[in-house]
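Reader: I'm new to this and keep hearing about charged side chains pairing up. Could you take me through the salt bridges in this one?

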Amino acid sequence: MKQFVKQVMKVLAFVCMLWFPCSGTVFAGELKDGSQRVFDYAGLFEEEEAARLEEKTAQFRETMKVEAIVLTVEDANGQSAPYTADQFYFDHGFSESFHENGIVVLIDMDNRELYLGTYGSMIRILTDERIEDILDDMYDAASQGDYGDAAMAGLDGAQYYFKKGIASNQYNYDVETGEISVHRSIRWYEALFALIVSTGAAAGVCLSVVRQYGMKENTDVNNRLAYRADCRFQFQNPSDQLLHTAVSHMVIPRQPPRGGGGGFGGGSSGRSSTHSYGGHRAGGGGRKF
């Protein structure tokens, strides 16, 4: 009888393995529902903390039109923190909500790393320097074991810089190819200055033409005749003669990069480092804890 039971158990175990195949991903189970944005696979959050984080991510979707994902993992399955964040964001379809605009706040307990992934417009908003500022706050909380506060610090920091907008000196730097993509923007005061200058120039030309060629109704007849008398042409046969030529040479020295920050412009304060994932563009930064 015991032998029979053992055989039955082996068969059931084999059937379960066939019915629930291993996917190779680090995430256990399916997503609960379409509104869930907090995925605590490492079991770091209290129920109340998870609820507050869910409310915060909902604010991102409703007011900022940006996806915000909070993810914790216990076993990264040998993958790096950036790969884990990118995989979860793109493979679960979160990139399809707002033209890929979004972030992933990741607490990787396997690699002991805090990571903030950026996508879409959030790549330009969250520069490397801004991400470091956010990671400072996340690290302070995580080093004390307050992982709920660490995740909230990541969301709060991203929301703060979203309101500040894209930095004036921002540019994307592809760490794989070295390609640079500069963000072009016109500030309101620049547009106003351009409008004033162009309007003034146009008005000056118009006034000058009116002043030179305008004629009043009570202008004296002799003045009009004199004006007409000047309107005659005289044709000549002009010829140009080359008198002198000179050629000068001057070496223009190459200017070294300023600021010592990545070899571009005024340093790395506006740089957003990017990489590729499955044909998508992704950014972000992390820190060990």
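Author: Let's start with a little network: E132, D136 and R287 are linked by salt bridges. Here, a salt bridge is a side-chain nitrogen of Lys or Arg within 4 Å of a carboxyl oxygen of Asp or Glu. This is a predicted model, where local features need pLDDT of at least 70 and side-chain atom pairs count only at pLDDT 80 or more, while totals for chains, interfaces and linings use all residues. Residues are numbered from 1 along each chain as its sequence is written, and side-chain values use heavy atoms, with hydrogens and water left out.

The structure has seven salt bridges. Take K56 and D156, whose side chains meet at 3.0 Å, N to O. K56 sits in helix α2 and D156 in helix α6, 100 residues apart. (Helices, H or I with at least four residues, and strands, E with at least two, are DSSP runs numbered from the N terminus.) K56 is buried, at 11% relative accessible area, but D156 is partly exposed at 34%. Buried means under 20%, exposed over 50%, and partly exposed in between, using a 1.4 Å probe and protein chains only.

Now look at strand β8, residues 280-288. K288 lies there and E113 lies in strand β4, so their pairing ties together parts 175 residues apart in sequence. The closest N and O atoms of K288 and E113 are 3.6 Å apart, and E113 is buried at 12%.

R281, also in β8, pairs with D174 of strand β5, 107 residues away. Those side chains meet at 3.1 Å, N to O. D174 is buried at 7%, whereas R281 is partly exposed at 32%.
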